[in-house]
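Here is a short note to read alongside the model. The points are numbered so that you can reply to each in turn.

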Amino acid sequence: MKGKKDRYVAYVSTYTMGHDRGIKIYDVDMEKGRFIEKDEVRITNSSYVTISHNQKFLYSITDTGVEAYKIDMSTGELELIGHAYINGMRGCYLSTDYNDQYLFVAGYHDGKLTVLRLKEDGSMGGITDEVYHKGLGSIAERNFRPHISCVKMTRDNKYLLAADLGMDHVNVYKFNSVTGKVKLIDVIRCEIESAPRHVKFTKDGKFLYILHELKNIIDVYTYQDTKVGPEFERIQTISTLNNYHAGGSAACTLNFSSDDNYLISSNAGDNSVVAYSVDHSTGELKKLFCLPISGDYPKDANFFPDMKHIVSLNHESNTLTFFSVDLEKGLLIMNGKSMPVDKPNCVIFQKLESN
């Protein structure tokens with residue numbers, strides 16, 4: 001008797017223009033490497049979605065703040081369980097701490113970091129802290145003021161990192177898990193006009209990866225908590241592009257494979273996806289390929305859980321494109337026709353209960 005196959009759904013967040021169905025839900029066909037339309041959720045301008053670490057709840061940015069959903073683990077469908085205002089402009093990114101007690105929201109437009117308490121049922125309590133980044137950046141046309149683009153906890157749940165794309169640095173806050181307050185204790189200085197956009201840690205928490213939108217690079221850091229506080233040491237800088245590329249490219253996303261052994265990013269302008277292998281002994285990256293995604297502005301890209309397929313969310317061409325991938329050989333082959341989706345922003349996979 002054959003064992004039961006794992007079942008997954010994929011959630012795709014989108015901007016809404018003329019409609020209000022901002023989250024798309026798809027069944028994942030793992031063998032074919034495709035999505036099958038399943039359902040959609042009423043929400044406006046879902047800029048970003050994240051799933052709690054206990055896998056029970058999904059949180060989404062919306063125009064008026066944040067919405068919380070309970071995940072039906074047998075079907076993947078979402079049930080709205082709460083809404084919270086963030087006392088500011090619409091956010092662009094959100095994440096939870098590793099105990100699922102707090103939700104952090106990044107404000108691109110107003111440079112604001114918001115911390116919300118989470119209840120046991122997954123719904124949101126009140127705001128416990130809010131911090132506005134201050135200062136002037138170096139590029140008057142775009143980065144002349146703070147733009148927080150990503151907020152992520154260290155894996156030991158002690159420090160919150162806030163990437164400021166406008167100020168070319170990443171703020172490091174000590175986090176009080178009792179009060180929900182943050183305190184600035186360090187700053188990771190990035191290259192001028194690099195625009196740090198995303199931060200990710202390896203599962204063991206030893207290495208930090210910072211994606212820079214305008215320089216099209218990933219900086220690799222070691223991380224350790226010491227008696228005097230967190231220490232970050234840069235050990236590698238690697239490009240997200242080939243030696244030849246389209247002008248005006250912008251690095252967009254950063255995601256780990258399900259086994260943590262590979263990292264994927266994408267480039268708008270160049271309209272490509274790039275994959276790396278991760279050396280877990282050193283933290284360093286090795287580029288495997290950088291290849292076109294048959295779409296315009298790949299705002300997000302991710303490995304399927306089986307790591308044999310890739311999906312690219314092409315924001316300006318309003319499509320999802322699918323590929324078969326051989327990571328060992330560095331091969332990427334388009335897998336069927338593109339799928340129409342208006343203004344897709346990000347994709348996240350969720351494993352379901354077995355039948």
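**Notes on charges, contacts and backbone**

1. Asp39 is partly exposed, with a relative accessible area of 34%. The model is a predicted one. Asp39 sits in strand E3, which covers residues 34–41. On the surface, Asp39 joins Asp72, Glu77, Glu79 and Glu353 in a patch of negative charge. A residue enters such a patch with over 30% relative accessible area and no salt bridge. Asp39, at 34%, is therefore above that area cut-off.

2. Next, the salt bridges. Side chains of opposite charge can pair when their charged atoms come close. The cut-off applied here is a Lys or Arg side-chain nitrogen within 4 Å of a carboxyl oxygen of Asp or Glu. By that rule the model has 13 salt bridges. Three of these pairs are taken up below, followed by a network.

3. Lys158 pairs with Asp225, and their closest N and O atoms are 2.8 Å apart. The two come from distant parts of the chain, 67 residues apart. Lys158 belongs to the loop between strand E12 (148–153) and strand E13 (159–164). Asp225 belongs to strand E18, residues 217–226. Lys158 has 39% relative accessibility and counts as partly exposed. Asp225 has 29% and is also classed as partly exposed.

4. Lys215 forms a salt bridge with Glu191, with 3.7 Å between the closest N and O atoms. Lys215 is in the loop between strand E17 (207–212) and E18, and Glu191 is in the loop between strand E15 (182–189) and strand E16 (196–201), so the bridge ties together parts 24 residues apart in sequence. Lys215 is partly exposed at 37% relative accessible area. Glu191 is partly exposed at 31%.

5. How is the Lys343 salt bridge with Glu316 placed in the chain? Their closest N and O atoms lie 3.5 Å apart. Lys343 is in the loop between strand E28 (339–340) and strand E29 (344–351). Glu316 is in the loop between strand E25 (309–314) and strand E26 (319–326). The pair therefore ties together parts that are 27 residues apart in sequence. Is Lys343 buried or exposed? Lys343 counts as buried because its relative accessibility is 17% and the cut-off for buried is under 20%. Glu316 is partly exposed, with a relative accessible area of 37%.

6. Salt bridges can also share partners. Asp20, Arg21 and Arg42 are joined into one network in this way.

7. Lys183 is in strand E15. Lys183 is exposed because its relative accessible area is 59%, and exposed means over 50%. Which residues does Lys183 contact, leaving aside neighbours within four places in sequence? They are Val172, Tyr173 and Lys174. The C-alpha atoms of Lys183 and Phe349 are separated by 33 Å, with their positions 166 residues apart along the chain.

8. Asn302 is in strand E24, residues 298–303. Asn302 counts as buried, at 10% relative accessibility. Not counting residues up to four places away in sequence, Asn302 touches Asn255, Phe256, Ile264, His309, Ile310, Val311, Val347 and Phe349.

9. Thr253 is in strand E20, residues 250–256. Thr253 is buried, with 4% relative accessibility. Beyond neighbours within four places in sequence, the contacts of Thr253 include His198, Leu211, Ile264 and Ser265. Ser266, Lys299, Asp300 and Ala301 are also among them. Ile264 thus appears in the contacts of Asn302 and in those of Thr253. The C-alpha atoms of Thr253 and Lys329 are 23 Å apart, and the two residues are 76 apart along the chain.

10. Two residues deserve a look at the backbone. Asp260 is not a glycine, yet its phi is positive, near 70 degrees. Asp260 lies in the loop between E20 and strand E21 (262–268). Asp260 counts as buried, at 6% relative accessibility.

11. The other is Ser294, also not a glycine, with a positive phi of about 55 degrees. Ser294 is in the loop between strand E23 (285–292) and E24. Ser294 counts as partly exposed, at 49% relative accessibility.

Key: Residues numbered from 1 in each chain as written. Predicted model: local features only at pLDDT ≥ 70, side-chain atom pairs only at ≥ 80, totals over all residues. Heavy atoms only, no water. Helix = DSSP H or I, 4+ residues; strand = E, 2+ residues; numbered from the N terminus. Buried < 20%, exposed > 50% of the residue type's maximum accessible area, 1.4 Å probe, protein only. Contact = heavy atoms within 4.5 Å. Patch = residues over 30% accessible without salt bridge, like charges linked within 9 Å, V, L, I, M, F, W, Y side chains within 5 Å. Areas by Shrake-Rupley, 256 points an atom, 1.4 Å probe, with all protein chains shown as cover. Lys, Arg positive; Asp, Glu negative; His and termini not counted. Charge placed at Lys NZ, Arg CZ, Asp CG, Glu CD.
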